[in-house]
Structures are given as C-alpha cells and as structure tokens.
Amino acid sequence: MYIVTYKGPFGFIKPWTAVRDGETFSQQFLTPSIIEGIEKKLFPELLSSPGIHKIIRHKLSCQAMSSQQEVTQARGWKNMKKSHERSRSIIKRDILVNPVLHLAFAAVDDAIRASRQHVCLCRNEDVLLPDREIKEMDEQTFSQFPGFELRIGQSDQSFLVGFNRFDNQKPMYGWIEYNGISLTR
C-alpha cells in the first residue's frame, strides 16, 4: 500500500444524524460517502462511477475537538401577519483540531497524483494539505497507525453510519477500528 498523509489546522466532519434539537457532535470517523467524495475530488474522472475505487484504507486522528456553535434555519416558512420568516435555532458541533488523515492506495501512481492535491473533509474551507512523502507499507503496519477508521461493509460488528449521497441515499454500514482494534466488539 502507498500512503499519503494530509494535515491541516482544523477540519469539520458533517454528522450523519439529522438531529437538530440539541447538541450534534461531529463524528470521529469518515463515512463511505465522505471517502467517496474525497476520491472523486482527487480523481474527477470517477465522478460517473459510483463507489470507492482507489482509496483502499484510511485513518483519521486529531489533537483535540473544539465545540462550535452554528445558527440554522428551518426549511419551511412561517406566515406572519405582514411577512414570512423562518425559525432559527443554535446547535453545537465539534471541529477537529490539527487533524491528520492517512489515505492508502494500491497503486503508486494514484498516491503520487493524490499527493499533489489538497482535500477537504466536508466543507471547502477546511483544507488539508498533503505531505510530499509517500510511504509504502503493508496493511498490518497501516492498521497500527493511531486514529479512527471506519471499516466499510456489513458484518456482525457493523452499524448504520449514514445514507450514501452518491448512491440514491442507500444505507451505509461499517465498524470502527482504532489502531487496528475493533471498537464495536
């Protein structure tokens, strides 16, 4: 495997839950659709090919998480006597402080191409820049990197992690590993 490492001062991951009535924490792992979105950014020729084709593993770690407040508006409009208005609320979300993202590729050419581009975890302003050095390693060594990885797929350890925006909102499943150890069993 060929590993490209990305770093940045902060990063925001959209929570997969749509709960808006209290605190909503950003997840500490990347869903399959987030990985697919990163891959489609790095390899735009794959935009018409659903699924993840080039990123074979990933790891995400950070120094800390910082709670942020965000104002949201309801979708619907309220009819007032002389105007229309939308309800507002404040939610709290966490951002990752000093995130580190490792992406693993099977082909060195894909890793080289990825190492020449930035990525965003979910919002365009949260840019992570690549280290120029590409590391080659086996899967066991990669598993020992610190950080969270959502192992994509269904097994007895899997849970629902969201709905795939690239594939007709189909449910996505996986299980979390940290340093190669499953956290769901």
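Contact here means heavy atoms within 4.5 Å. The model behind these exercises is predicted.

**Exercise 1. Overall picture**

Find how many helices and strands the protein has, what its C-alpha trace spans, and what share of its residues is buried.

Solution.
- Step 1: Count the elements. The protein holds three helices and 15 strands.
- Step 2: Take the extent. The C-alpha trace spans about 65 × 35 × 35 Å along its principal axes.
- Step 3: Take the burial. Of the 185 residues, 42% are buried.

**Exercise 2. Contacts, surface and charge**

State what share of contacts joins residues at least 24 apart, then describe the exposed area and the charges.

Solution.
- Step 1: Keep contacts between residues at least 6 apart in sequence; 67% of these join residues at least 24 apart.
- Step 2: Turn to the surface. The protein exposes about 10,500 Å². Carbon and sulfur atoms supply 50% of that area.
- Step 3: Place the charges. There are 25 positive and 21 negative charges, and their mean positions lie 9 Å apart.

**Exercise 3. An open sheet**

Work out the strand order of the three-stranded open sheet and explain why strands 2 and 4 each have a side without a neighbour.

Solution.
- Step 1: Read the order. It is 2-7-4, with antiparallel pairing.
- Step 2: Look at the edges. Strand 2 (10-11) and strand 4 (64-73) each have a single partner strand, so one side of each has no neighbour in the sheet.
- Step 3: Check one pairing. Strand 2 and strand 7 (residues 88-97) run antiparallel and are joined by two bridges. Phe-10 faces Val-97 of strand 7.

**Exercise 4. Helix 1 and the core**

Decide whether helix 1 is largely enclosed or open, and which elements supply the largest nonpolar core.

Solution.
- Step 1: Apply the cut-off. Buried means under 20% relative accessible area.
- Step 2: Count. In helix 1 (residues 32-42), 10 of the 11 residues are buried, so the rest of the structure largely encloses it. Among them are Pro-32, Glu-36, Ile-38 and Leu-42.
- Step 3: Move to the core. The largest nonpolar core has 22 residues. Those with the most contacts inside it are Tyr-6, Leu-30, Ile-38, Leu-42, Leu-101 and Phe-105.
- Step 4: Trace the suppliers. Strand 1 (2-7), helix 1, strand 3 (55-61), strand 8 (100-105) and helix 2 (108-114) each give at least two residues of this core. Helix 1 provides the largest share, four residues.
- Step 5: Look beyond this core. Another core of six residues lies apart from it, including Met-1, Ile-3, Met-137 and Phe-142.

Methods. Residues are numbered from 1 along each chain as its sequence is written. This is a predicted model: local features need pLDDT of at least 70, side-chain atom pairs count only at pLDDT 80 or more; totals for chains, interfaces and linings use all residues. Side-chain values use heavy atoms; hydrogens and water are left out. Buried means under 20% relative accessible area, exposed over 50%, partly exposed in between (1.4 Å probe, protein chains only). Accessible areas come from the Shrake-Rupley method with a 1.4 Å probe; for residues, only the protein chains shown count as cover. Lys and Arg count as positive and Asp and Glu as negative; His and the chain ends are not counted. The place of a charge is taken as NZ of Lys, CZ of Arg, CG of Asp or CD of Glu. Two strands pair if DSSP finds at least two bridges between them. A nonpolar core is a set of buried Ala, Val, Leu, Ile, Met, Phe, Trp, Tyr and Cys residues joined through side-chain atoms within 4.5 Å.
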